[in-house]
Amino acid sequence: MPIRKMKESSEQHLVIKTHLQNTANPVQKAPKTGQNGKGPPTPEPQNPKTQNQTSPPTKNRGRRRGRGGRKSDQGDVFMRPSSRHCTVAHVPASPNLAGGGALVSSSTNESLENGGNSCAMEMGFPTSSKSLSFAPRPGYGQAGIKCVVKANHFFAELPDKDLNHYDVCITPEVTSRVVNRAIMAELVRLYRESDLGMRLPAYDGRKSLYTAGELPFVWKEFNIKLTDEEERIDGRKREREYKVVIKFVAQANMYHLSQFLAGKCADAPQEALQILDIVLRELSSKRYCPIGRSFFSPNIRTPQRLGEGLESWCGFYQSIRPTQMGLSLNIDMASAAFIEPLPVIEFVAQLLGKDVLSRTLSDADRVKIKKALRGVKVEVTHRGNVRRKYRVSGLTSQPTRELVFPVDENSTMKSVIEYFQEMYGFTIQHGHLPCLQVGGNQKKANYLPMEACKIVEGQRYTKRLNEKQITALLKVTCQRPRDRENDILQTVQQNAYDQDPYANEFGIKISEKLASVEARILPAPWLKYHETGKEKNCLPQVGQWNMMNKKMINGMTVSRWACINFSRSVQESVARGFCSELGQMCQVSGMEFNPEPVIPIYNARPEQVEKALKHVYHASMNKTKGKELELLLAILPDNNGSLYGDIKRICETDLGLISQCCLTKHVFKISKQYLANVSLKINVKMGGRNTVLLDAISCRIPLVSDIPTIIFGADVTHPENGEDTSPSIAAVVASQDWPEVTKYAGLVCAQAHRQELIQDLYKTWQDPVRGTVSGGMIRDLLVSFRKATGQKPLRIIFYRDGVSEGQFYQVLLYELDAIRKACASLEPNYQPPVTFIVVQKRHHTRLFANNHRDRSSVDKSGNILPGTVVDTKICHPTEFDFYLCSHAGIQGTSRPAHYHVLWDENNFTPDGIQSLTNNLCYTYARCTRSVSVVPPAYYAHLAAFRARFYMEPDLQDNSSIGHAAKGTRAAGESGVRPLPALKENVKRVMFYC
């Protein structure tokens, strides 16, 4: 094996040229550490040989890697000599893409080596997902203390019958699933014993019908008459006739599914799984109100009022999943907000929080009512048994007593009050209230008096809940683990799958016991603090620790700061006292903090936020003779509306200021814990580090410490329901230090509404002078890593948040391709190996202690212990995934994070990736607790959330974004208004914390 020497600082290191391959995956034994609580493990020298497998080197690769100082044509910095004490084993890229089929990877006109083959392929990802398969599970983790937990998964026995798929065509076409189901229910009632050959089919409510065994025909037409409950005229029911054609499509292969569950084939037979899911949902769809994958009912538990005309309904989530133990039915408790089925006048009184019978409504009241009722179904109550239903389209601007409408072609006008009296003998009592406008026809308005309407039961509320409603809903949903487990078991018993005619017809048997699963509790990592503190190292206990007797490992200096007070109730002396206490806490925690502000505390009104911020900025600059202000403290009223967002937008995109906001309630009631947490945030915003993993600085983290490694986190946040035009916001953060991997720089960009693929990872555009220019978030963060560390990243670990299972292929293909292109644009043949991991929090798997009474197996909240990891039984049959509960519960039932390794060119062992992920959860900057998702993904979420505030409040005012186009040009190309660019000094630090 060729070995050459490389000078780095004053040390000489062996640089071993290796070629990572995804095929061999030896289990790497981590050096033993003193995890007995008696003291931190002692550093051991790392032997690069133990970290890498070798294979023949490819020509010239190691040389370029080793030198790493080639200046690219994009104006990147030279590599600086590094004073790092970690051995650098330079590992050339291995796009020997054994995560699955070859993923085409090349860029522009530069060729990329692909596993030793010279190929300069056109960059473009495979159009078919079949050319890519996810990383297979390389084995099972062994680290940690073994234990048993229970999971809310119930074993489902596979049917031994053939399942048949039939196409359903109903004419005239019906858009409502409810009506479709009613038609099919009538068809089954009439023809089950004759034409359907005694079969009981399951129906998806749209185009597909499924049976266990064949129907006696391949194609058949039926005529079904259905009584329309909503259309009663003169007390008589109106009948509608439908033509239903049922046609055989295919037989679903159960053998394929059993092979997949046994791990003998890699791709899931989606249709077979879908059929079983529909079969098991059929009965619940008839009994309850189905919404998404959940079912709700006011009868499961008494609905609780949430305020403003809403109530919470209890329900359950149900989904069939392929797992290592076979088919599993995942059942979890669920809650959702529904509109209370009240008389409309009562709903309006609740909504406005006042008596509406005696007072006239203001314009603001009218707008609020219109917003709340638009799209809501109401039924009339003034016609005895005739309860016709309508959908509300608006509200009249005039009160009912002033409303008239034409009753014939001659435009004979009649008042609404007269009409209801003459037609129905109904006397309108509250003529001062407006009428509801119903029906979709704008030309022919239909008026209904509020007092003649009641809201139809079972309508989910999909708009945004206010703070009080959220609090009330959380009270309902927040259940201790033992109570949640009992409710889940009760739900399974109530659903009585053994008596379900559909489950019996299809031969599906469901266990009534929670799955018992082998788990392991990973040890907490040792944390390193500054040598000058009493406690230099710390071993967290049950997922938490504190800052007592510790000093931040890299405390920053704040010599120029100012404070702006937006709260009327905070007097200047109180504000001064608060700032002084905060400064002292920063000092105690290991920072240098000047006790005096640059200028006296400035009082301002929230509505003059921009003027006030600019005044403080310029006044400070004048006082310091042009030196930049390092920190701005802002005291905000507790209810501050858009003030917080305005401050962040102006400071971070206009003035280039780092700010820390504090609420009035904390200023009055100064708690040491609060000040300690704020000082942690201030330190990282200034560019410091609070703590680092002891293993990181001792160079003992497998597949991170051996060669310069960059860890990315990425997330996309979408606008809330009801916002149809707002862009989605993508954020990417990346570690900027190695070997510590603790500091993360972040970038954000706006993209098309509800677009999940991150569009701005890699971009090229035409510059009139420089020609084709490369850019994008990945490239910029790779460059800033190199500037910060003097090293080129030789390994990439990419944690991607917020991707649902249905989008795995799409996201991996598009985003891995963008990572490849970004690397190739920096230097020919630069292709560091990538590990791509999806992080999911929005799933319904819950883990419970095997014995709730055993105090040693639960934390204070009754939840499983932090560090609990599961990679067997309830995980994917063949793919590389695991559940990790890395945090201690506070209230309710902990939700483990689900990590799915989609692509792995770094050959992580299960223990390697599980321990790395768990250990990183202890490095979150904002608190002294381990967190529930890996920090890079958490930071990306915070950055994306922060960027929502950057969207200009006044869309007509284009003046303020003229300068912004530079930083986010790409978003503008897709017709999405770009975000203002972050200032350079803000980008470099953890501004989003």
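**Exercise 1.** How are α13 and α14 oriented to each other: roughly parallel, roughly perpendicular or oblique?

*Solution.* The model is a predicted one, and the steps below work with its helices as they stand there. Two packed helices are described by the angle between their axes and the distance between the axes. Helix α13 covers residues 609-623 and helix α14 covers residues 643-655, and the two pack at an angle of about 45°, with their axes 10 Å apart. Angles under 35 degrees would count as roughly parallel, and those from 65 to 115 as roughly perpendicular; α13 and α14 are therefore oblique to each other. As for the sense of the crossing, the one between α13 and α14 is right-handed. On the side of α13, the contact is made by Val609, Glu610, Leu613, Lys614 and Tyr617, while α14 contributes Leu643, Asp646, Ile647, Ile650, Cys651, Asp654 and Leu655. Sorted by character, the residues of this contact between α13 and α14 comprise eight nonpolar and four charged ones, with no polar residue.

**Exercise 2.** Determine whether serine 679 is buried or exposed, and describe its surroundings.

*Solution.* Begin with the position: serine 679 belongs to helix α16, which spans residues 672-685. Its relative accessible area is 1%, and because buried means under 20%, serine 679 is buried. Next, consider the polar atoms, where a polar atom of the serine 679 side chain lies 2.7 Å from the backbone oxygen of alanine 676. Finally, leaving aside residues up to four places away in sequence, serine 679 touches Met552, Leu582, Met585, Cys586, Ser589 and Met591.

**Exercise 3.** Place aspartate 408 and aspartate 881 in their elements, and state for each whether the residue is buried, partly exposed or exposed.

*Solution.* Aspartate 408 is found in the loop that runs between β19 (404-406) and β20 (413-415), whereas aspartate 881 lies in strand β44, residues 880-885. The relative accessibility of aspartate 408 is 34%, and since partly exposed covers the range between 20% and 50%, aspartate 408 counts as partly exposed. For aspartate 881 the value is 3%, so this residue counts as buried.

Now turn to the side chains. That of aspartate 408 has a polar atom 3.0 Å from the backbone nitrogen of asparagine 410, and a polar contact of 2.8 Å joins the side chain of aspartate 408 to that of threonine 412. In the case of aspartate 881, a polar atom of the side chain lies 3.2 Å from the backbone nitrogen of histidine 876. Among the residues that aspartate 881 touches, not counting those up to four places away in sequence, are Arg137, Asp871, His898 and Tyr899.

Note on methods. Residues numbered from 1 in each chain as written. Predicted model: local features only at pLDDT ≥ 70, side-chain atom pairs only at ≥ 80, totals over all residues. Heavy atoms only, no water. Helix = DSSP H or I, 4+ residues; strand = E, 2+ residues; numbered from the N terminus. Buried < 20%, exposed > 50% of the residue type's maximum accessible area, 1.4 Å probe, protein only. Polar contact = N/O pair within 3.5 Å; in protein donor to acceptor, adjacent residues only side chain to side chain. Axes fitted to C-alpha atoms, helices over the stretch in contact; angles between N-to-C directions. Parallel < 35°, antiparallel > 145°, perpendicular 65-115°, else oblique. Left-handed = near helix turned anticlockwise from the far one by under 90°. Contact = heavy atoms within 4.5 Å. Nonpolar A, V, L, I, M, F, W, Y, C, P; charged D, E, K, R; others polar.
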